[in-house]
Amino acid sequence: MAKNNSDFFENKKSWSEVKDELLGCYLSPYFSKILTTKRPIYYIDAFAGKGMFDDGKPGSPIIALDIIESKKRSDTSSVFSYFIEKKYSNELEKNIEKYSNKKVIKGKYEKVINDILKDKEECNVFIYIDPFGIKSLRYAIFEELSKYNFYSIEILMNMNMFGCVRNACKALNVDFDLELEDMDDEIFPDEILEDKMKLVETINQILGGDTWKKVVMEMKCGEIDGFEAEVRFAHEYSSNLRKLFKYVLNMPIRVKKGARPKYRMIYATNHPDGCKLMNDNMCTRWQALEERQSYGQYSLFQIDVEENVIDGTALYELLDSKLKNQKEYVHLAVFLAELFVDIGIKYKSNEVCNQLKVLEHNGKIEVRRNPAYTDKLHKKSDFWEEKNGKTVEIRYKR
């Protein structure tokens, strides 16, 4: 039975805190950087809720609007915020009435999103999608968004992959092998769950294909368990999104160590700088969450977001191996973005650049910088950041 979410806004749960930290810590540098394009920015919260929890803690609308207000020294008059909410639109209006350049739209995200964006080509667009379930996250909507000629588009969404795996098992008559004590967020109403053929069709529409069936069959044969299936579902979904957007990242959020992910935060963009920034943000949030869950105790091993041990010596060899096929110069931002999409959330960009610096020192890669020399002393440049007009290109040494 679908959960009655009427008490959702009574107090802010721990997983909501983590989710909003990820959003807030990304939006601040995002607006700082994107305002320099001198193009209008449209920020859209697709499932805005009340804007504030009953315990006084801010929801995603207020977090975003406070960050926009904090950029007043910049030209934030070109930032327009849209908040889509059907059930709590009146409460939302009251909670954000003091802010400017915002609009509350009463309706369903999938019904109104194209109307909002139809005349926004050549503009910057950021869409935050945080639904109660995933029934409204139809892949076809993202196909439509990918066709717009935006100057930039970034999407951050909350996806309940475990709920999707469980319903996929039901659709194919496969036993789900995990007892989930807190599975409180059903993704489909009962009438769809009872119709197996319609359920299969609905899952296909959400995930953008039927490759999930192979994963469920592997579960049925005992080749993988429910935890591995959730990771595979996330990988398959991210791969399908990459048919629409160049760069896709995903980060599981767990309430406690070793537990199933409560949800996954999935990010999609065509911009390498955005991918780099979000990767670093996800790494920072993961480290903070791990420290919180360990009560500040030091861990003997560094682990990634999938709770796999990271070999501290492996990054140098990984980069050396990947760059061996890089015969032509590639911009550092593009190389980093493609690396993070490929390996997942493991390393921050500064960690990668430190190892690239070693590869340069060891004569394994060639680095082309612009400007090639410092202005004052005419010393050869050695920077590893692309900003303020500076560029870095790398390739394997011939």
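These legends walk through a few close-up views of a predicted model.

**View 1. The whole sheet, strand by strand.** Start here to get your bearings: 7 strands line up as an open sheet in the order 3-2-1-4-5-7-6, and the pairing is mixed. Strand 3 (102–105) and strand 6 sit at the edges with a single partner strand each, so one side of each has no neighbour in the sheet. On average, neighbouring strands are turned by 15° against each other, if you ignore direction.

**View 2. Helix 2 lying on the sheet.** Helix 2 covers residues 60–70 and packs on the sheet. Follow it along and you'll find it touching strand 1 (41–45), strand 2 (79–84), strand 3 and strand 4. Its direction makes about 175° with that of strand 2.

**View 3. From strand 4 to strand 5 by way of a helix.** Strand 4 (residues 124–129), helix 5 (residues 139–147) and strand 5 (residues 152–159) together make a right-handed β-α-β unit. The two strands of this unit, 4 and 5, pair in the parallel sense over 6 bridges. To find your place in the pairing, look for Asn 124, which stands opposite Ser 152 in strand 5.

**View 4. Strand 5, covered on both faces.** Side chains in a regular strand alternate between the two faces of the sheet. Here, one side of strand 5 carries Ser 152, Glu 154, Leu 156 and Asn 158, and the other carries Ile 153, Ile 155, Met 157 and Met 159. Every one of these is buried, which fits the count for the strand: 8 of its 8 residues.

**View 5. Strand 5 meets strand 7.** Strand 7 (residues 261–269) pairs with strand 5 in the antiparallel sense, over 6 bridges. Two pairs of bridge partners are handy landmarks. Leu 156 is matched with Tyr 267 in strand 7, while Met 157 is matched with Ile 266.

**View 6. Asn 250 and its surroundings.** Now hop over to strand 6 (residues 247–254), where Asn 250 is found. Is Asn 250 buried or exposed? With a relative accessible area of 17%, Asn 250 counts as buried, because the cut-off for buried is under 20%. Its side chain makes a polar contact with the side chain of Arg 264, at 2.5 Å. Leaving aside residues up to four places away in sequence, Asn 250 touches Ala 234, Ser 238, Arg 264, Met 265, Ile 266, Glu 306 and Ile 345. You've already met one of these: Ile 266 is the bridge partner of Met 157.

Terms used
Residues numbered from 1 in each chain as written. Predicted model: local features only at pLDDT ≥ 70, side-chain atom pairs only at ≥ 80, totals over all residues. Heavy atoms only, no water. Buried < 20%, exposed > 50% of the residue type's maximum accessible area, 1.4 Å probe, protein only. Pairing = 2+ DSSP bridges. Right-handed = clockwise from strand over helix to strand, strands pointing away. Polar contact = N/O pair within 3.5 Å; in protein donor to acceptor, adjacent residues only side chain to side chain. Contact = heavy atoms within 4.5 Å. Axes fitted to C-alpha atoms, helices over the stretch in contact; angles between N-to-C directions.
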